[in-house]
Amino acid sequence: MNAPSVSPNSSIADMQDRRLLMDRSVPGHHAVALPEPDVPVSDLPDADLLRDVGDLQLPEVDQLEVIRYFTLLSRLNFSIDTNFYPLGSCTMKYNPKLNDQMASLGGFANIHPLQDDVAVQGALEVMHELQKWLGEATGLPAVSLAPLAGAQGEYAGLLIARAALEARGESHRNVALIPDSAHGTNPASAAMAGLDVVVVKTDEFGNVDVEDLREKADDKTCVFMLTIPSTLGLFEPNIIEINQIIHDAGGLVYADGANLNALLGLVKLGDVGVDICHSNLHKTFSTPHGGGGPGAGPVMVTRRLASFLPDPVVVQARSSDAGPRGYRYRLYRPIESIGKINGFHGSFSILVRAYTYMQSLGGDGLRSVSENAVINANYIQAQLRDRFDLAVDRICMHETVLSGKRQADRGVPALNIAKRLLDYGIHAPTMYFPLIVPEALMVEPTETESKETLDRFISVMQAIDDEISSEPETVLNAPHSLPVSRLDEATAARRPVLRWQPDGD
Ligand SMILES: *Cc1c(COP(=O)(O)O)cnc(C)c1O
């Protein structure tokens, strides 16, 4: 056992026992005590089917050791519950614990997707209410909660566009027009939906280049995919004109509304001519996410397109055999549905979290979410603009895209600024995205951070900028204080070590 050397001056981190679970194993230790059997003991099945216990390398550890080990793992990571996490485009906001409490209520947590409608009326009512709230928030009243992620919402939305045009006898329309600033999932979803991608330029103000769009919108256009706010964190001021151009050309407008955090109660996408959108419940509507955890990407459309929604949507009918409220909820397959896009009805527990979040804030609360998210991002932008270049010099929405060009000219690229932030206990912003901004640092503070936290972030960014002049090596070799420093990301992705192996294997 290699105990870490501890001196009176060691930090709490030095004192942590970092050994792997296997290395904590002591023969005979165990975490549970099984009671004496109260049923007749019978022989094991065919012994040939059993592995030799000696071959199984399992840790023998007591309960306290297990708790300490997994608590340690959780503390080696950055999380919103421990650190400021301004990861642009991801909306890493505080997720009220109430949402988790509601999702774990037995009536929600212990139901099965194959249960009969009658037995799960409460769950269906929550889904129906959530459909209404999302329809109201986006101005696109027909909603399916089925998609399991933002990208799946996009994919569903594009299949809806294709199906709607095909129903009009225009299946030859096979082009998705996508701005060069779009989120990377947009062209990927378009390709999966069988569309050809044609890129539309961004103008010097960070807007869609309207003249370029006008030239490219034609009788091949199936759909235009607009990320709103754009990945530059900007509102698209020409949105009505743009949508008109697409509609005049006979196409449909898809809005990537993954980041509704800037728009709630301020702009309804349906009001400005959008036909289809999705939203990421696991960003705006507060579900812990990251690392590929569960998400939900409902798709919202105009009434005209409702019949193409993925299966299922929840519908409500007056019914004499229904409960006290006289309604009966059921799952319904829209008549021209693009079909099922996954096994069941969506990420149900994420839907409960989103509904809880909306209910606890109410309409006015949701509007103040967006107002505060926008103010927080602009505060950071205004305080840092003398030190860092801005991708576009304009009032931003819920995130600001800085450029580390001036710092790169002094020999320290944006990557190292991101790494150095970790030493100060701040998660790095989104890096090198959008691709059209050199040395991009995309900062999204969210509305849940206090002015004190924003001020600390600003001071840290200024301190790093000073370090780049006075001691660039410190920044170039960061981070200095984390359990691991510079990871070999390529090898980690190509030859991941996913489980413990005995020495020498
Ligand atoms: C996060 C995001 C997506 C993708 O969402 P996933 O749930 O990760 O699939 C799409 N578009 C934008 C603008 C996003 O920020």
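The exercises below work through the domains, sheets and empty spaces of one predicted model.

Residues are numbered from 1 along each chain as its sequence is written. Local features need pLDDT of at least 70, side-chain atom pairs count only at pLDDT 80 or more, totals for chains, interfaces and linings use all residues, and side-chain values use heavy atoms, with hydrogens and water left out.

**Exercise 1. Find the domains and say how many residues of each are in contact with the other.**

Step 1. Domain 1 covers 98-358, and domain 2 covers 366-485. These bounds come from an automatic or database domain assignment.

Step 2. Taken over C-alpha atoms, the two domain centres are 31 Å apart.

Step 3. Contact means heavy atoms within 4.5 Å. By that rule, 29 residues of domain 1 meet 23 residues of domain 2.

**Exercise 2. Work out the strand order of the 7-stranded sheet and name its edges.**

Step 1. Helices (H or I, at least four residues) and strands (E, at least two) are DSSP runs, numbered from the N terminus. Two strands pair if DSSP finds at least two bridges between them.

Step 2. The sheet is open, its order is 1-7-6-5-4-2-3, and its pairing is mixed.

Step 3. Strand 1 (142-144) and strand 3 (196-200) are the edges. Each has a single partner strand, so one side of each lacks a neighbour in the sheet.

Step 4. Neighbouring strands here are turned by 20° against each other on average, direction ignored. Axes are lines fitted to C-alpha atoms, for helices over the stretch in contact, and angles run from 0 to 180 degrees between N-to-C directions.

Step 5. Check one pair: strand 2 (residues 175-179) and strand 3 are parallel over 5 bridges. Within this pair, alanine 176 faces valine 197 of strand 3.

Step 6. Now add helices. Helix 6 (residues 150-167) packs on the sheet and touches strand 4 (221-227), strand 5 (252-256), strand 6 (276-278) and strand 7 (299-301). Its direction makes about 150° with that of strand 4. Helix 9 (residues 239-248) touches strand 2, strand 4 and strand 5, at about 140° to strand 5.

**Exercise 3. Do the same for the 4-stranded sheet.**

Step 1. This open sheet has the order 10-11-13-12 and antiparallel pairing.

Step 2. Its edge strands are strand 10 (389-390) and strand 12 (430-431), each pairing on one side only.

Step 3. Strand 10 joins strand 11 (residues 400-403) over 2 antiparallel bridges. Leucine 390 has leucine 402 of strand 11 as its bridge partner.

Step 4. Helix 10 (residues 348-384) lies across strand 10, strand 11 and strand 13 (440-443), at about 20° to strand 11.

**Exercise 4. Describe the largest pocket and its lining.**

Step 1. On a 1 Å grid over the protein atoms alone, a cavity is a set of points where a 1.4 Å probe fits but cannot get out, and a pocket is an open set with protein on both sides within 12 Å along at least five of seven lines; lining residues have an atom within 4 Å of a point. Grid points are joined across faces, edges and corners, and a volume is the space filled by probe spheres set on the points.

Step 2. The largest pocket holds about 1000 Å³ of space. Of its 29 lining residues, Leu76, Asn77, Pro483, Val484 and Leu487 are the closest to its centre.

Step 3. Sort the lining by class: 20 nonpolar, 4 polar and 5 charged residues. Ala, Val, Leu, Ile, Met, Phe, Trp, Tyr, Cys and Pro count as nonpolar, Asp, Glu, Lys and Arg as charged, and the others, Gly among them, as polar.
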